[in-house]
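Here is a short report on one protein chain. Overall measures, cores, helices and charge pairs are taken in turn.

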Amino acid sequence: MTFVPLTRLPWRRAITNQHSLPRHWVDPFSLTQRIDAWRRWLADQPAGQWLLCRRHPREFCAALAALWESGRVAVLPADDRPETLVRLAMDVDGTLPETPGEQSANHPATPAYPESLAPTDTAIVLYTSGSTGDPIRLAKRFDQLDAELAVHAELWPLADSCVISQVSHQHIYGLLTGVLHPLCAGVPFSGDESRYPEVLAARLHEAGDTGLVPVVVSSPAQLSRLPEHLPWHDLPRSRRVFSSGAPLAAEHARRTENLLHTSVIEIYGSTETGGIAQRRQTQDSTWEALPGVELSFMGECLALRSPFLEAPQSWWQQPDRVARTTAGFELLGRADRLVKIAGKRVSLDHIEHALAAIPEVSEARCIDLGRSDGRLGAVVALHDECMPHRHDTRHELIQRLRTQLSRHLERVAIPRYWRFVDALPSNAQGKLDRGLVSRLFADLDDTKTPRWLGERRPNPASCLLTLEVPERLVFLEGHFEEYPLVPGVVMVQWAIELANDSFGETGEFKGIERLKFQRVLRPGSRFTLQLTRRDDGIAFAIDSHEGRHCAGHVRLLTRPGGGHG
């Protein structure tokens with residue numbers, strides 16, 4: 001089957017072959033009746049831009065084609081949350097109903113369809129997050145879409161294939177790879193419930209029964225969770241698996257190739273740029289530019305010119321940092337305030353604005369910690385009366401904040417790691433830099449240290465640190481099982497170690513004087529450690545809202561050339 005561009009209405013070509021697949025598959029040659037129904041419904045509707053949000057690809061494709069044939073523009077929301085649809089409905093000329101209904105059946109005739117579509121006409125409008133946190137509106141012309149689809153057809157032809165998509169067609173990657181490419185190639189495709197592993201396995205089996213070679217369109221979120229208990233080895237071998245939305249972990253790429261017996265092709269790009277590069281990282285971690293995409297490097301900055309861009313002859317600056325290689329480049333991470341979480345683009349500014357609107361919060365910073373689970377951290381400055389001092393009040397506060405954020409964010413975008421501070425820590429330039437972030441979240445990997453939440457230095461010889469007892473502190477194990485508490489020797493050790501961090505090398509330990517323990521320190525407790533440097537050592541005191549826990553004086557022998565100075 002030859003590739004037909006969108007402007008030539010591939011869904012209207014003569015029927016040459018129909019496949020006996022179950023109804024949840026979409027055969028491009030079976031769409032015309034449904035397209036005509038939508039055309040009849042649209043005949044009495046205003047022109048312009050129409051909101052289109054359909055989960056099943058058959059109804060989505062039929063409505064999309066009808067909008068295009070009638071000279072309208074499809075507006076695709078990024079999600080189907082009611083508040084999103086209500087907000088976008090205010091900016092369009094109409095919203096498509098669930099079905100064309102009786103109105104289309106009663107219309108006297110289906111309007112004639114055009115022979116072709118104008119390449120420079122706007123085809124779709126997509127919404128995504130921007131650096132300000134507000135959704136930004138991105139229009140795509142037919143010539144942009146056709147240029148990218150032609151590259152897909154060149155690199156990854158679909159002859160004798162079918163496409164199984166695990167990702168949403170409301171986004172550019174799923175739209176191009178999971179819907180429009182098979183539509184233009186005239187091959188069957190399926191989506192919707194295929195995001196579940198068990199359904200994916202069933203679709204692979206159905207493809208094999210029909211004699212078609214499946215192509216899977218997926219993402220790191222799905223591929224990282226492929227269960228090994230399903231009979232992948234008994235299913236027909238796929239032609240290839242696509243992944244996009246975020247870099248796929250190397251171990252997940254290898255595992256997917258082993259389970260599905262095929263190559264995993266990653267596509268790097270964005271809604272603004274379309275596809276930029278591709279790789280098969282089990283062979284080479286380098287990203288190689290797609291045909292027609294011209295790259296320019298300056299340090300860690302990447303610029304490109306591409307026929308997929310709104311202005312193909314202009315250079316586009318990517319927000320990602322890169323390292324140039326002989327064959328292409330490697331990604332080093334994003335340089336702006338947008339991050340990818342489980343394949344979804346998330347604005348850190350948007351999360352911060354949502355947090356700042358909560359009454360308890362005075363200021364907040366959201367941080368991509370670069371952890372293997374991909375989840376975010378949040379540093380939240382609270383009003384004094386809202387500060388949690390115990391494990392239970394801290395847990396309750398986190399649950400309240402998560403509930404508030406769930407009204408604005410998808411679950412995966414809600415921070416997992418929380419640090420509550422009196423004021424946002426800052427360096428000499430007034431910035432919450434990476435070093436401070438590392439201190440705030442160090443206890444995630446070091447189970448022997450207290451949770452650092454900031455410090456004040458009223459003078460060179462004094463330091464007041466705000467700390468918490470991490471619930472996963474290794475010293476709590478066996479001390480005691482029913483009533484865990486921090487051993488006294490650990491509190492003293494913390495005082496010595498943090499004094500070294502605060503004042504530099506303090507000297508050789510000689511002993512402890514005036515040591516007094518007054519209250520136990522429990523998991524989740526928030527406390528302060530007051531350190532005062534003296535000629536013969538360090539005085540320390542540990543206090544919380546309950547009162548004094550521990551105090552003493554560590555005697556030190558100053559080393560020549562170091563220490564107190």
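Is arginine 34 buried, partly exposed or exposed? Arginine 34 is partly exposed, because its relative accessible area is 29%, and the buried class ends under 20%. The model is predicted.

## Salt bridges

Side chains of opposite charge can pair when their charged atoms come close. The structure holds 27 salt bridges. Arginine 34 takes part in one of them, meeting the side chain of glutamate 59 at 3.0 Å, N to O. Arginine 34 sits in helix H1 (residues 32–42) and glutamate 59 in helix H2 (residues 57–69), so the pair ties together parts that are 25 residues apart in sequence. Glutamate 59 is buried, with a relative accessible area of 16%.

Two further pairs involve strands. The table sets them beside the helix pair.

| Salt bridge | N to O distance | Elements | Sequence separation |
|---|---|---|---|
| Arginine 34 – glutamate 59 | 3.0 Å | H1 and H2 | 25 residues |
| Glutamate 468 – arginine 451 | 2.8 Å | S24 and S23 | 17 residues |
| Arginine 555 – glutamate 513 | 3.3 Å | S28 and S25 | 42 residues |

Burial of the strand pairs is as follows. Glutamate 468 and arginine 451 are both buried. Arginine 555 is partly exposed, at 27% relative accessible area. Glutamate 513 also counts as partly exposed, at 28%.

Which residues are linked with Arg451 and Glu468 in a network of salt bridges? The other members are Arg394, Arg419, Asp422, Asp443, Glu471 and Arg526.

## The chain as a whole

The chain has 565 residues, of which 51% count as buried. Its secondary structure comes to 13 helices and 28 strands. The C-alpha trace spans about 95 × 50 × 50 Å along its principal axes. Accessible surface comes to about 25700 Å². Carbon and sulfur atoms hold 49% of that surface.

How much of the contact set joins residues 24 or more positions apart? Such residues account for 65% of the contacts with a separation of 6 or more.

## Two nonpolar cores

The largest nonpolar core has 63 residues. Trp68, Ile124 and Leu180 touch the most other members. Setting aside residues up to four places away in sequence, tryptophan 68 touches Leu6, Trp11, Leu117, Ala123, Ile124, Phe142 and Leu180. A second, separate core has 39 residues. Its members include Leu440, Val486, Val492 and Leu498.

## Helices H5 and H13

Phe142, one of the contacts of tryptophan 68, is also among the buried residues of helix H5. The others in H5 are Gln144, Leu145, Asp146, Glu148, Leu149, Val151, His152 and Ala153. This list holds charged residues, including Asp146 and Glu148. H5 covers residues 142–155, 14 residues in total. From first C-alpha to last, H5 reaches 20 Å, close to the 20 Å expected at 1.5 Å a residue.

Helix H13 (residues 488–503) has 16 residues. H13 reaches 23 Å from its first C-alpha to its last, close to the expected 22 Å. Its buried residues are Val490, Met491, Val492, Trp494, Ala495, Leu498, Ala499, Ser502 and Phe503. Val492 and Leu498 of this list belong to the second core.

Which strands do the buried residues of H13 pack against? They pack against S23 (451–459), S24 (462–468), S25 (508–517), S26 (526–534), S27 (537–544) and S28 (547–557). Glycine 504 follows H13, and its phi is positive, near 85 degrees.

## Surface and loop details

Strand S25 contains phenylalanine 517. Phenylalanine 517 is partly exposed, with a relative accessible area of 42%. Together with Phe509, Ile512 and Leu515, Phe517 forms a nonpolar patch on the surface. The four residues have about 350 Å² of accessible area together.

Aspartate 446 lies in the loop between helix H12 (434–440) and S23. Aspartate 446 is partly exposed, at 33% relative accessible area. How far apart are the C-alpha atoms of aspartate 446 and arginine 472, and what is their spacing along the chain? The C-alpha atoms are separated by 9.6 Å, and the two residues are 26 residues apart along the chain.

Technical notes
Residues are numbered from 1 along each chain as its sequence is written. This is a predicted model: local features need pLDDT of at least 70, side-chain atom pairs count only at pLDDT 80 or more; totals for chains, interfaces and linings use all residues. Side-chain values use heavy atoms; hydrogens and water are left out. A nonpolar core is a set of buried Ala, Val, Leu, Ile, Met, Phe, Trp, Tyr and Cys residues joined through side-chain atoms within 4.5 Å. Buried means under 20% relative accessible area, exposed over 50%, partly exposed in between (1.4 Å probe, protein chains only). Contact means heavy atoms within 4.5 Å. Helices (H or I, at least four residues) and strands (E, at least two) are DSSP runs, numbered from the N terminus. The expected span of a helix is 1.5 Å times one less than its number of residues. Patches are made of residues with over 30% relative accessible area and no salt bridge: like charges are joined within 9 Å, nonpolar side chains (Val, Leu, Ile, Met, Phe, Trp, Tyr) within 5 Å. Accessible areas come from the Shrake-Rupley method with a 1.4 Å probe; for residues, only the protein chains shown count as cover.
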